[in-house]
Amino acid sequence: MFSYRHAFHAGNHADVLKHMTLLACLRHLTQKDAALHVFDTHAGSGLYKLDSEHARKSGESLDGVSKLLEKHFLAQNQPSVHMKSAPDATDFDVSAMPAALADYVNLLLQLNPGSRMRVYPGSPFLARSALRPQDRMTLCELHPSDTRNLQKHVNEADPAGAKMQVLQKDGFDTLPKLLPPPPTDARGSRRALVLMDPSYELKTDYARALEAIATSLKKFPTGCYVLWYPIIARPEAHGLPRKLKTLCTQSAKPWVHATLNVGRAEKAQPQERGTSLSASGMWVINPPHTLAASLREALPVVQTLLAQGRGAAWEVSAAG
Ligand code: SAM
């Protein structure tokens, strides 16, 4: 069985990039009345307690969401238990933030009304917050404990089970079988967003992600496909965006590619930092036409807030 558990990583800088991008896509796609189906192929357990043993042990959210929001919690007069430093709280102004970042930050603050950051929404609940009564979600997760936790959180949030369906299934294999999504109106319109967020614990995940997206695109060419990947020194990780670009070119699909690198503190030892991952990327096929501009506005601010040292950078490229 896999050893990856997202509870150790929830709210880190990769989640910030991933979830801000996901939310920006969903906001755009839910502007039309027609229903939207969201497929989350690697859902995790849905909600994470940042004061849990897992989260405290890794401390990854300290360099992610907790850092993003620490000035807000400082301004509440009771500094977050997660804070490492004590910055000046006076310049925390969500209304001055770029729209995509402000939207994400507001959502986190709604979930954490108290004096500290306690709960972090994983992709299922982040997406759910953007959905309307007519929209639906299908969530795949393979790990038995995470599936159990996800189902528990879904039962609490959606007791009738009308909105969110949990499947303990392999997300790569299952996604193409579920596409195209069911029609959502009398005219037979079908609209869907797919989030694919593998753990990449197995190096075959890179090829499986590409293959699942290529097969799904053939079955449902108009879907919005959102893929997260780590930027690490591994040929499969370097090759993935290149192969996705080829796929998009061959199938004449527009795309957006966004990366965030938080850099490295001069003297940081990986074991002291909680994570050795300093950069990750998002590849979006059939993106909302506003996405590239929104991310170009938001990522410089995110980079400034989360930078840990040398190498911090962001990039957004797009075509189509
Ligand atoms: N998407 C979640 C979020 O943003 O909150 C985090 C997902 S985490 C990065 C990856 C998840 O995929 C883990 O919970 C892991 O157990 C699960 N997983 C691993 N291989 C899988 C597979 N083939 N199909 C479905 N889930 C899988």
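## Contacts with the ligand

In this predicted model, an N or O atom in the side chain of E141 sits 2.6 Å from an oxygen atom of the ligand. That's a polar contact, meaning a pair of N or O atoms within 3.5 Å. The backbone joins in too: an N or O atom of G171's backbone is 2.8 Å from a ligand nitrogen, and for a backbone N or O atom of L142 the distance to a ligand nitrogen is 3.4 Å.

On its own the ligand has 600 Å² of accessible area, and the protein covers 99% of that (Shrake-Rupley method, 1.4 Å probe).

## Who's around it

The shell around the ligand holds 21 residues, and H19, H42, E141, G171 and D197 come nearest (a residue is near if one of its heavy atoms lies within 4 Å). Sorted by type, the shell has 5 nonpolar, 10 polar and 6 charged residues; Gly counts as polar here, while Asp, Glu, Lys and Arg are the charged ones.

Two helices, α1 (13-29) and α7 (171-178), are the elements giving two or more residues to this shell.

## The whole chain

Zooming out, the protein chain has 11 helices and 10 strands (DSSP runs, with at least four residues of H or I for a helix and at least two of E for a strand). Its C-alpha trace spans about 55 × 45 × 40 Å along the principal axes.

## How to read the numbers

Residues are numbered from 1 along each chain as its sequence is written. Local features need pLDDT of at least 70, side-chain atom pairs need 80 or more, totals for chains, interfaces and linings use all residues, and side-chain values use heavy atoms, leaving out hydrogens and water.

Notes. Polar contact = N/O pair within 3.5 Å; in protein donor to acceptor, adjacent residues only side chain to side chain.
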